[in-house]
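Hi everyone, thanks for making time today. I'd like to walk you through a structure that is new to most of us, a few residues at a time.

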Amino acid sequence: MATRVAVSDGGNKKTSRVRVAVRLRPYMNKEDEKSEGPCVRGLDSQNLEIINWRNATETVKYHFDVFHGEQTTQQEVFLSSVKPILPHILNGQNASVFAYGPTGAGKTHTMLGSSEQPGVIPRAVREVFKLVKAKDESDGWDYSIGMSYLEIYNEKVLDLLSPNSHDLPIREDKDKNILIPGLTHMNITNFADFDKHFVPATLNRTTASTKLNQRSSRSHAILLIKVVRTQQQLPHRQQTGKLYLVDLAGSEDNRRTGNQGIRLKESGAINLSLFTLSKVVDSLNSGTSVRVPYRDSKLTRLLQDSLGGSAHSVMITNIAPEYKYYFDTFSALNFAAKSKLIVNKPFTRETVAVPVLPVKRSREERETGGSGTEPQKKKHKEEKKSEHDGSSLIICLELKEKQRELESKAMLFSQLAGEKSITGQEPDFENKTTALRRKQSDATKPNKQQAVVQPLQVSQRQPLQQLLVVKKQSVCVKKKEETCSDLIESLGGKENNTKSAWESQLDQSMVDQSKQKILQILNTGCLKELKSLQQIGDKKAKLILGWREIHGHFTKVEDLIQVEGMTEKRFSSFMKANIVSAMGK
């Protein structure tokens, strides 16, 4: 058994602002249509400016933690933006790096890179192994490293290490940690082991060609590196640090990408999740206690620790210099400027084993010094018990014999006293001694079932008291049973009356037609049509769509009870409201 305790550095709960870096992609060799040149340029290592679209003679300036120009190498991006946060993972804290920007701006190149120019992900994993290896073996900690890799495609969480897996759920434990039950987790011992699993999994990611990008990412990819360190000595403390490396899909303008069919559906899911991400940032920056819509999207649910949570976060915003990307670049810069105001509260979570208390030995074990095998101890205990039972039986028989002798003497004395009182003569002797009182010996004190001679008055009064108490209890129980039975009958009658109160007043054929209309909407209706039903909101409509996608069409209206959160009482209220509403129309 283990307990989880929160440990903060230095005794105070520290805060960490989200660091934002902006990387400008090089200008393509192919000139744009108007040959207007770049619309954005860097001023120094932290500032850049973009032309004001309202007035071409003015520019809008931005200030960030780091600005990477067109000539910045992959190594420089990693050293200045990513490497400083990696040591926190070995101390049981979380870290997060994610690339943001429009499609075609170079996010995947920044995160993955190529064999000649590796990106942030391979460099960060190599650095983690390097940090673990540099730890002195005498520091008293053992380290283990594992990896998981997933993608969010059309609002479905898919395991890239296990391509045949289905949509995985997202859960949250009692400590507010985000969990994905069923997600593959592989232990890795070196970078070659990581590369062996990561490269094939990357090929499983969903990509497609658009007018703006020959190999456009159609999903958000998230790589999780987990470092667990365990104390070698008692109390065997265990600390877990997580590194999230996220390659987001780019926002798309379908008018320029020419998306149709399934590409259009993919871009809709991508833009919706990125819009939810923007709402999360706005809510965190509002400064009021408004609800942060983490649960409105699978992406924001997984990034809950990275934005406003318990992680050291870095966002690398990728932008393009061409004028055709102007509004995408302008929107990305505004989002980056808002994101750098978010403050996280990272802390260390560690598991401490509860010490096992020693078992108290019995008296027999202490007397024998705890030696001997278990059968011998049991035999010795049984012998002692049999000896004790035999001696108690002998003492009990002797006491019963003595008791009968005393009772016979007492009866003889009472008979003699009665005869003398009838004849008027005095008795031959007078008993001036006190009443006989049996003194309990030490051996008979534990035996509570022995017979005791009690005075006559007490023995006559006690049964009357018991009879009175029993009679009173029986009356109370009887009344209580009658009350409960009446209540159950009234409730049953009320329930039956409730069902017939509104259905009996309606034409059965009209009720059946209304049910068929409701069933048709449940099976073929979109999100808006489902929300048009009475008592069906946005959340319940999404649950119905999810159930329909997994199980198929509803065979009957009553199958709606199988949807999460739809109880029988809510279903009855739902049917009454919709049938009455349909017949009223």
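Before we start, one term: when I say that two residues are in contact, I mean that they have heavy atoms within 4.5 Å. And please keep in mind that what you see is a predicted model.

Let's begin with threonine 110. Where is it? Threonine 110 sits in helix α2, which covers residues 107-111. Is threonine 110 buried or exposed? Its relative accessibility is 1%, so it counts as buried, because buried means under 20% relative accessible area. Which residues does threonine 110 meet, once its neighbours within four places in sequence are set aside? They are Arg23, Gln74, Gly119, Val120, Ile316 and Asn318. With asparagine 318 there is also a polar contact, side chain to side chain, at 2.9 Å.

Now stay in that part of the model and look at a stretch that carries a database label. In an unreviewed UniProt entry, the annotation "binding site" covers Gly101, Pro102, Thr103, Gly104, Ala105, Gly106, Lys107 and Thr108. Let's pick two of these residues.

Alanine 105 is in the loop between β8, residues 94-100, and α2. With a relative accessibility of 2%, alanine 105 is counted as buried. Apart from neighbours within four places in sequence, alanine 105 is in contact with Arg25, Asn318, Ile319 and Ala320. You may recognise Asn318, which is on the contact list of threonine 110 too.

Threonine 108 belongs to helix α2. Here the relative accessible area is 27%, so threonine 108 is partly exposed.

Next, please find aspartate 65. It lies in the loop between β6, residues 59-63, and β7, residues 66-68. Aspartate 65 has a relative accessible area of 16%, and is therefore buried. What does aspartate 65 touch, not counting residues up to four places away in sequence? The answer is Arg17, Val18, Arg19, Val20 and Gln46. For valine 20 we can say a little more: its backbone nitrogen is 2.9 Å from a polar atom of the aspartate 65 side chain.

For a contrast, turn to arginine 295, in the loop between α6, residues 262-285, and α7, residues 298-302. Arginine 295 has a relative accessible area of 58%, so this one is exposed, as exposed means over 50%. Not counting residues up to four places away in sequence, arginine 295 touches Glu172 and Arg301. With glutamate 172 there is a polar contact between the two side chains, at 3.4 Å. And how far apart are arginine 295 and valine 280 in space? From C-alpha to C-alpha they are 9.9 Å apart, with their positions 15 residues apart in sequence.

Last stop: the largest pocket. It holds about 2,000 Å³ of space. Of the 40 residues that line it, the closest to its centre are Glu155, Lys298, Lys542, Leu543 and Gly546. Which helices should you look for? α6, α7 and α14, residues 538-551, each supply at least two residues of the lining. α14 gives the most, with 12 residues. By type, the lining divides into 13 nonpolar, 9 polar and 18 charged residues.

That's my tour. Thanks for listening, and do stop me afterwards if you'd like to look at any of these places together.

Terms used:
Residues are numbered from 1 along each chain as its sequence is written. This is a predicted model: local features need pLDDT of at least 70, side-chain atom pairs count only at pLDDT 80 or more; totals for chains, interfaces and linings use all residues. Side-chain values use heavy atoms; hydrogens and water are left out. Helices (H or I, at least four residues) and strands (E, at least two) are DSSP runs, numbered from the N terminus. Buried means under 20% relative accessible area, exposed over 50%, partly exposed in between (1.4 Å probe, protein chains only). A polar contact is a pair of N or O atoms within 3.5 Å; within protein, one must be able to donate a hydrogen and the other to accept it, and residues adjacent in sequence count only if both atoms are side-chain atoms. UniProt positions are given in the numbering used here, feature names are shortened, and annotations may be inferred rather than shown by experiment. On a 1 Å grid over the protein atoms alone, a cavity is a set of points where a 1.4 Å probe fits but cannot get out, and a pocket is an open set with protein on both sides within 12 Å along at least five of seven lines; lining residues have an atom within 4 Å of a point. Grid points are joined across faces, edges and corners, and a volume is the space filled by probe spheres set on the points. Ala, Val, Leu, Ile, Met, Phe, Trp, Tyr, Cys and Pro count as nonpolar, Asp, Glu, Lys and Arg as charged, and the others, Gly among them, as polar.
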